[in-house]
Amino acid sequence: MDLQYSSDGIHVRELDLWLDPQISKPTAWISHAHSDHARGYSKTLIGTPATLELYRMRWPEDSDQPQRLIALEYEQSLDWHGAKLTCYPAGHILGAAQLLVEFGGQRLVYTGDIKLKAPLCGAATEIVPCDRLILESTFGLPIYHFLSRDEARDEIVNFARECLEEGATPAFLGYPLGRGQEVAYALGQAGIPLAVHGAIAKFLPDYERAGYSVPGWEPLDSKQVQGKAVVVVPGMRRLLEATGKDIRIAYVSGWARLDNARLRAGAEKLIPYSDHCSYAELIEMVSATGARHVDVIHGYTEAFAGILRERGIHAEAPAYARSRASEEEGVAQE
Ligand SMILES: [Zn+2]
């Protein structure tokens with residue numbers, strides 16, 4: 001398959017299919033609803049039902065830019081210009097999917113953002129054997145290793161209980177789509193009273209419909225946080241601290257592995273839990289798919305491609321950059 005990388009996205013030329021394009025195109029596959037992947041008003045948009053629903057919340061219908069949305073359930077296939085497109089779970093956020101493209105006797109998998117370890121919310125990743133893999137390598141250095149979902153849930157719940165017992169307010173920083181809902185889910189399921197910032201709360205109904213209910217949550221009122229855990233976007237930290245209350249901050253992110261994370265996030269508690277693959281998961285992913293040709297995109301691309309080459313895999317880091325940092329990276333930069 002002839003793949004072209006540009007600032008517009010990744011183009012599968014023979015099929016005129018764009019993978020997570022940055023601007024509107026005739027036909028786009030969107031791997032998940034984060035704003036650096038699901039963008040614009042492509043004429044035909046293919047994604048999982050949950051991804052398309054979340055996409056519509058950010059890109060509402062526009063009569064000037066009519067669209068055809070094609071929902072593809074996990075493991076469901078679609079014939080597309082002589083190719084077979086099938087999607088599989090990617091574990092990253094609700095609805096996230098990998099795309100398998102079978103064409104001309106070749107199997108290509110585009111992972112989108114992906115993690116191998118099971119997430120707190122959402123379907124666990126399936127390994128899809130392929131010849132060529134386009135792999136997101138956000139955390140492709142050996143320093144990045146993360147907690148399992150059970151370990152993360154325990155850390156989140158224990159920190160909240162400890163703070164509440166001491167009369168303090170535990171505040172969890174999470175980005176608006178994915179992490180925020182997972183933290184709220186862990187707290188709600190443990191019976192901890194919680195208040196959720198609006199940017200995170202607006203996606204909670206989608207998670208609840210998918211079976212991840214958050215009992216007893218209420219909208220955040222920063223003047224009334226006593227006796228509750230709060231889940232907020234990182235930009236809210238200073239506002240909470242300005243209330244003069246005893247606020248104790250926890251930062252839940254893959255970036256919590258970095259030495260300077262405590263300072264950057266202004267957090268007392270670091271919980272290294274990510275919705276991306278750790279380094280070991282990336283290596284495992286490549287080996288389990290059996291891919292002999294890997295295109296490494298995003299993150300430590302050159303370094304990770306080099307590591308794969310040392311293992312005898314034909315790996316490249318094509319010149320390609322999404323126009324905005326991913327939301328999780330955005331958090332790290334706060
Ligand atoms: Zn993402």
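**How two domains meet**

Q: Why is the pairing of Glu53 with Arg209 called a salt bridge?
A: A salt bridge needs a side-chain nitrogen of Lys or Arg within 4 Å of a carboxyl oxygen of Asp or Glu. In Glu53 and Arg209 the closest N and O atoms are 3.0 Å apart, so the pair fits that rule. The count between domain 1 and domain 2 is two salt bridges.

Q: What should you know about the model and its numbering?
A: This is a predicted model, where local features need pLDDT of at least 70, side-chain atom pairs count only at pLDDT 80 or more, and totals for chains, interfaces and linings use all residues. Residues are numbered from 1 along each chain as its sequence is written, and side-chain values use heavy atoms, leaving out hydrogens and water.

Q: What makes up domain 1 and domain 2?
A: Domain 1 is 3-143 + 275-332 and domain 2 is 149-271; such bounds come from an automatic or database domain assignment. Their C-alpha centres lie 28 Å apart.

Q: How many residues does each domain bring to the contact?
A: Contact means heavy atoms within 4.5 Å, and on that basis domain 1 gives 24 residues and domain 2 gives 25 residues.

Q: What area do domain 1 and domain 2 bury between them?
A: About 2400 Å², with 64% of it on carbon and sulfur atoms. Buried area is the accessible area (1.4 Å probe) that two parts lose on being put together, summed over both, so the figure covers both domains.
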